[in-house]
Every structure is written in C-alpha cells, then in structure tokens.
Amino acid sequence: MAMQLSGSINVKMSTLLTPFSVPAHPSPPIMSVRDRSYRQRRQHNRQSVSTAAQQGEGLQQQQPQPPFINTRPKSRTILTDPALAEMSLSEEEIEADMASAAKTASLWELLNNPEQDGTIFGNRARSATDANVLRRKGHLKEQDFLIDFMRRMHETHSCLEVMTKMEKWVNEHRKDPLRSRLKRLVPQLGQFFTPLHLVDAFLEYDEVFKLSRRKFIPPNFAELRHVVNIAQIHASAKNLRLITFDADGTLYADGCHFEQDNAMIAHIINLLQCDIHVAIVTAAGYPGEAHKFEGRLAGLLGSFRKLNLPAEVTDRFHVMGGECNYLLRVTPEDKRLEFVPDEEWKTEEMCRWHEDDIQYMLDGAEMLLMKGAKRLELEVSVMRKPRSVGIIPISPTIYEVLEDIALSAQTQLVANVPFCAFNGGNDVFVDCGNKSLGLQALMTFLGIQPHETLHVGDRFTLSGNDSATRDMCSVLWVADPNETGFFVRLLLKDIARSSLEAQHEQTMRRKLLLDV
C-alpha cells in the first residue's frame, strides 16, 4: 500500500508505521553552499536593521560585527559547478565553508560517540550515562501498597471522597485488623497504631497545593505520602514519647555526616527538651568502636557540649547501630558515646542467636550478592563485618541493578537468624537482624508503647531497611533531609500546641476545684 504525497513522491504506508529508529552513526545535517550564503546574508541584514533601530533610539552600545559578511569579493574564482558559479564565492569563503563543515561533522561524530572524549561526559561508562538520563528516576523508590491503592481510587473518586473513605476504613481496620474491609482491599496492610484524620490533613495540604482544583491531574505518589504524613504527625504529637530517625538520606545526605551547620541539630535538641526520647536507628555498625559512631554524629555531640546540656536531657538520646546489634548512649560528663552492655537491653530472642548461625547466614548472603553482581556484570568490592556483609559497586551503575541484587538476596537467602537484605542506594548489604527488632528492644529498654513511638525514614520500599519498623510503631516516610526538617518543624508546633492545651486544661481543673 502506498500513499501519494505532493511532489510526486511515493511513500509506503509500512514505512510511516515503522517505529522511529536512529542509525548507529547518522550523518551530520548537510547544508548547500547556496543555502548557507543565503542565510548569512539574511542574518547580516537583520543585524543591520537591529543596529539602525538601536542607534535611532539613542543607544550607545556598539554592535558586534557579524561573523560572516557576504560582500563582493575582489578576486573571482572560476568554478565548474553551476550552483557554485552562480554564488561567485571567493577561495577564502569556500575554505571557511569546508572547515566549518568538517568541524560540524566532527562534533556530530563526538555527540554520537561520547566515549571518544572524556571531557564531555567525564569518566563514566557511556551505557551508565545514557541509562541515568533516560530512566524514570525515583520510580522504584515509590512503592507502597496503601498509597498505590489510594492513587487508583482517584480514577473513580474525587480527592475528598478518597480521604473520607480511607479515614473511615482506617478506623475500622484499627478495631479489627484481620477482617476489615481495608485488609481485604490491601492484603499487605499492617497495623495502624493511631487514628488518622486524613480529611483534615488533606484540607490542610490542599489549601496550599490546590489538589482538588485540578481537572486532569490526580494527586501523585509524593503528594499522597505528604497527606498521610501530616495526618500521622497530628495524631502522634499529643502522646509522643520516642521518635527514631534513620541516618543516611533522612538526617543528612547519603555518605555524609552530622556537620555543625545541620539544621536538624536544633530540632533534635528541641525534641529532647520536650521530654521526648530521640534515637538514631542506622544500619552502620562498628563493634567496639564508639569513636566511629561519634565521627558520624560529631556536629550533634559538639552542640551538646557547647550548649552544656544537662544529663537529664542528653540521657534521652541513643544510637541503635547495625540495625539492632549495638546500642549507645551519651556519657553525662564529656558528652561522648559509650556502648550499653548487651545484657541491659537485648531481648531474649537476640540473646539466643548463635555465632555459628550468624556467620553461616553471612557466608550465604555474600555468595548470593556476588552471584547477583556477576549475573548483572557489575564489578564490586565486598565489605564483611561481624554482623553484616555488603557489596559496593566499583563501576558506575543504576538504582535498578542494586534493587535486583537486594531482592534476589532477600528472597533466596535461608538462615536460622533474622536478617535484612536492603538496597542502600549506593550499595547492597545484608545485616543480621532488622530495625523492627532494634525498635522493639529500644522500646522495651525505655518502657515505651508502640502508639507513643514514631519512626522517620526514607526507605520503606520492598528492599528498604525501614519497612520492618511498620510492625512496631507509626512511621513518617520522607524523601530527603529537607522533608525531614519540614515535618519535624510541624511536629514541634503540634507538641507546643498540645502542651499549651494541657496547661490550660490543668488551669481550668484547678479553678473548678477552688470553686468547689
């Protein structure tokens, strides 16, 4: 089948329907000398008109000379090509045209083969560079069964209808978690330790971002996550006694430390002064080396010393390292970190772990990690610690590759001790235990209940090490330290408001007692 186009050109319909493809080394765009000269004359004329107009308006700025002026050459060159002869270009102009065309062809070749010159794309492998540009960033970091269900509801419901139904179903689920309607709709759903006033949270968020006024674009994953976070903050503020934070990606950027100018330092100190326990629950583990934990928190500990905080305040700060393997506290005199003896805080389950089982699990995890790296042709280095093992890419890679390795280890590893296989964003690790066990031990040690606890983290996906905390307490899902700061400020405002309301209530009670 063919289609007749203007100019008596026959084009096959199959050619039009064939998906667009680019040759391996496409040729540079070709412009005839006639077209080039004509465009140069038009450019020169436009610049001349613009210069005259500016001079007429009294502008004193001197206009730069155009790069090419097609004036009549003094010497003429006899050319055999009729098109070139008609243009009557000089030898100098022809040489300039040829040099320009060669330069264009060279640049075109460079753009299609960036590995020829490392100055444009750096030393990264071309495949990783291209994939990093083309892939949909952050898609795998947006995995949540409940929020995905809320997104699908917007296909048939308005924003306010979704929040109204979800708030009702959450309340029903809290009363009967195993047979609730929400459990049937989202089978992977866990517990809710507090009520969630999603309608009020949505109205508060909608006042700024106008989600309900959109006609064609429903709320995205991040916006629904923000609404749930706001509802959770309002629900937790009144009874909050313990708040825990993931470290990398939550309190500070991945691979960084707590510097003196970190805005979260003031927030943590304010929380401590509000009689709230604060703990950092991190995968980083340094057995017997408290100074390495101190190095990661140098800015925070330095602020403790500069402000000369009393021991009753700093005693409420702890660090849970290696997911659940090491607990540290602040010394009252010099504000350093020290290990809490295992027998004081570890649960009976943790005490029953045998060292042989732990090493057997780590051996199997290392084998699976290396097998996954080999399958995906990823060059890595291995880091082995007493309670963890991980791989760190040597060559450039992308998030999806690490995700696949983490999920492979998570699903294939069989062990006699609990473990956590997770994608750290820049590496993949398998740790003995998990953050859920760490939170359970910390809450028991401090005598705090699940509904009085809130965990803040950035990795609640299938391969994230924060996901396990959902079994123990309420959570806040943040994307980066900036979001953490925003939500903690909101939390502090709610805590202050709750404190004022409690004081007012006590005052009224005293008045009533005096009247009686």
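Visitor: What is the strand order of the open sheet, and what is the pairing?
Guide: In this predicted model, seven strands line up as S7-S6-S5-S4-S3-S12-S13, with mixed pairing.

Visitor: What makes S7 and S13 the edges?
Guide: Strand S7 (337-339) and strand S13 (474-477) each have a single partner strand, so one side of each has no neighbour in the sheet. As for twist, neighbouring strands here are turned by 25 degrees against each other on average, direction ignored.

Visitor: How do you know that S3 and S12 pair?
Guide: Pairing takes at least two bridges, and strand S3 (residues 242-245) is joined to strand S12 (residues 453-457) over four bridges, in the parallel sense. Ile 243, for instance, has Leu 454 in S12 as its bridge partner.

Visitor: Which helix lies across S3, S12 and S13?
Guide: That is helix H21 (residues 481-515), which runs at about 175 degrees to S3.

Visitor: Why is H8 called roughly antiparallel to H10?
Guide: The axes of helix H8 (residues 159-175) and helix H10 (residues 198-209) cross at roughly 150 degrees and come within 8 Å. Angles over 145 degrees count as roughly antiparallel, so H8 earns that label against H10.

Visitor: Which residues make the contact?
Guide: H8 brings Cys 159, Leu 160, Met 163, Thr 164, Met 166 and Glu 167, while H10 brings Leu 198, Val 199, Phe 202 and Leu 203.

Visitor: How do the residues of the contact of H8 with H10 divide?
Guide: Eight are nonpolar, one is polar and one is charged. Cys and Met count as nonpolar and Glu as charged.

Note on methods:
Residues are numbered from 1 along each chain as its sequence is written. This is a predicted model: local features need pLDDT of at least 70, side-chain atom pairs count only at pLDDT 80 or more; totals for chains, interfaces and linings use all residues. Side-chain values use heavy atoms; hydrogens and water are left out. Helices (H or I, at least four residues) and strands (E, at least two) are DSSP runs, numbered from the N terminus. Axes are lines fitted to C-alpha atoms, for helices over the stretch in contact, and angles run from 0 to 180 degrees between N-to-C directions. Contact means heavy atoms within 4.5 Å. Angles under 35 degrees count as roughly parallel, over 145 as roughly antiparallel, 65 to 115 as roughly perpendicular and the rest as oblique.
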